[in-house]
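Thanks for making time this morning. I would like to walk you through a few packing and pairing details, so please have a look at the structure first.

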Amino acid sequence: MPLYYAVDIGGTKVEVAIGSDRGELLDKKRVPTPELGRDEAVLDGLSDLLQSLARPGDVAGIGIACPGPLDAIAGRVLNPSNLPGWHQLAITKGLSERLGGLPCYLENDATAAGMGEWRWGAGAGTRNMVYVTVSTGIGAGIIAEAQVVRGVGDNAGELGHVVVDPQGLPCHCGNRGCLETKASGTAIGREGERRRGESPRLLATEGPVTSVDVFRAFEAGDRVAAEIVDGAAHWLAWAFGTLTNLFNPARIVVGGGVSENGETLLSRVREKMAPFAMADLLTAVQVVEAKLGGDVGVMGALAVAMDRAAR
Ligand SMILES: [Zn+2]
């Protein structure tokens with residue numbers, strides 16, 4: 001049974017696991033990202049962490065899921081805004097050298113998560129699906145004709161940075177009015193904070209209003225929170241409708257922190273999609289919740305290791 005190391009890198013935590021080609025996770029560990037330090041220390045820390053996992057057999061490769069932008073061919077992290085100490089880190093080379101030359105593969109985190117959901121989660125059995133993560137940011141992993149769509153620099157699927165309002169708010173990518181500024185968890189929280197004076201429930205929030213506070217107020221029947229959730233749902237419906245017209249997918253699988261509000265949000269998005277997609281394509285697509293939950297990061301990295309090692 002081939003085993004693989006899986007590494008999921010995030011702005012606040014790094015999770016590592018060892019898993020089989022059947023998608024079973026045999027051991028996993030998690031550390032806060034800053035604990036791994038910068039540059040060479042990151043590589044030493046990751047290598048130690050992987051070697052500390054229980055290893056019931058030989059390991060055939062390593063898959064890494066990391067926020068973009070990155071250079072997957074060169075195995076290099078470029079300059080993700082939430083990983084300031086890792087810029088230009090040659091992560092696959094450094095990790096492979098420290099682990100006896102094991103093949104090591106790097107993938108954009110949303111693409112990796114999409115590969116995990118396609119293989120073992122809510123996209124299983126389809127040949128055409130799009131995974132969308134709605135969290136602090138928004139990203140997509142695209143599977144078309146049973147192939148992972150990576151693009152020329154492995155950065156395809158930057159759905160959150162599709163500009164929907166060129167006069168809109170500045171985005172950390174340098175442009176204005178990206179989808180992320182309208183419908184991400186960050187955007188929902190920011191809108192809640194901006195409108196807190198209009199809502200007794202939001203006004204009672206301690207500290208800055210977050211998307212969690214907005215959804216809580218919404219569930220309690222708050223009118224302002226309902227308008228904010230509807231606003232985000234409108235833009236997600238636009239995005240999902242556009243993806244439907246572009247890729248004619250069987251499923252759009254929605255994961256990420258904001259989607260923990262599951263049906264509350266998705267039912268609204270589905271209702272709003274009709275004006276943004278052609279009727280026949282809309283009939284063919286199901287918008288569903290992701291299935292892998294908190295393991296999606298390492299399961300995605302595991303899928304990356306298997307997929308790339310098989311080529
Ligand atoms: Zn942007």
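In strand 12, Gln286 is the bridge partner of Arg251, and this belongs to a parallel pairing of strand 11, residues 251-255, with strand 12, residues 286-289, over 4 bridges. I should say that this is a predicted model. Strand 11 is also joined to strand 8, residues 129-134, by 5 bridges, again with the two strands running parallel, and here Val253 of strand 11 is the bridge partner of Tyr131.

How many of the residues of strand 11 are buried? The count is 5 of 5, so to speak of the strand as mostly covered is fair. Arg251, Val253 and Gly255 point one way, while Ile252 and Val254 point the other way, and all are buried. In a regular strand, side chains alternate between the two faces of the sheet.

Turning to the helices, helix 7, residues 211-219, packs against helix 8, residues 223-247, at an angle of about 120°, with the axes 8 Å apart; the two are therefore oblique to each other. The crossing of helix 7 past helix 8 is left-handed, and the contact involves Val214, Phe215, Ala217 and Phe218 of helix 7 together with Ala225, Ala226, Ile228 and Val229 of helix 8. By class, that contact has 8 nonpolar residues, no polar and no charged ones.

Helix 3, residues 109-120, and helix 11, residues 296-309, pack at about 85° with their axes 7 Å apart, which means that helix 3 is roughly perpendicular to helix 11. Their contact includes Asp109 and Trp120 of helix 3 and Val296 and Asp307 of helix 11, and by class it has 10 nonpolar, 3 polar and 4 charged residues.

Key:
Residues are numbered from 1 along each chain as its sequence is written. This is a predicted model: local features need pLDDT of at least 70, side-chain atom pairs count only at pLDDT 80 or more; totals for chains, interfaces and linings use all residues. Axes are lines fitted to C-alpha atoms, for helices over the stretch in contact, and angles run from 0 to 180 degrees between N-to-C directions. Angles under 35 degrees count as roughly parallel, over 145 as roughly antiparallel, 65 to 115 as roughly perpendicular and the rest as oblique. Two residues are in contact if their C-beta atoms, placed from the backbone, lie within 7 Å. Ala, Val, Leu, Ile, Met, Phe, Trp, Tyr, Cys and Pro count as nonpolar, Asp, Glu, Lys and Arg as charged, and the others, Gly among them, as polar. A crossing is left-handed if the near helix is turned anticlockwise from the far one by less than a right angle, and right-handed if clockwise. A residue is buried if 20 or more other C-beta atoms lie within 10 Å of its own, exposed if 12 or fewer, and partly exposed in between; C-beta atoms are placed from the backbone. Two strands pair if DSSP finds at least two bridges between them.
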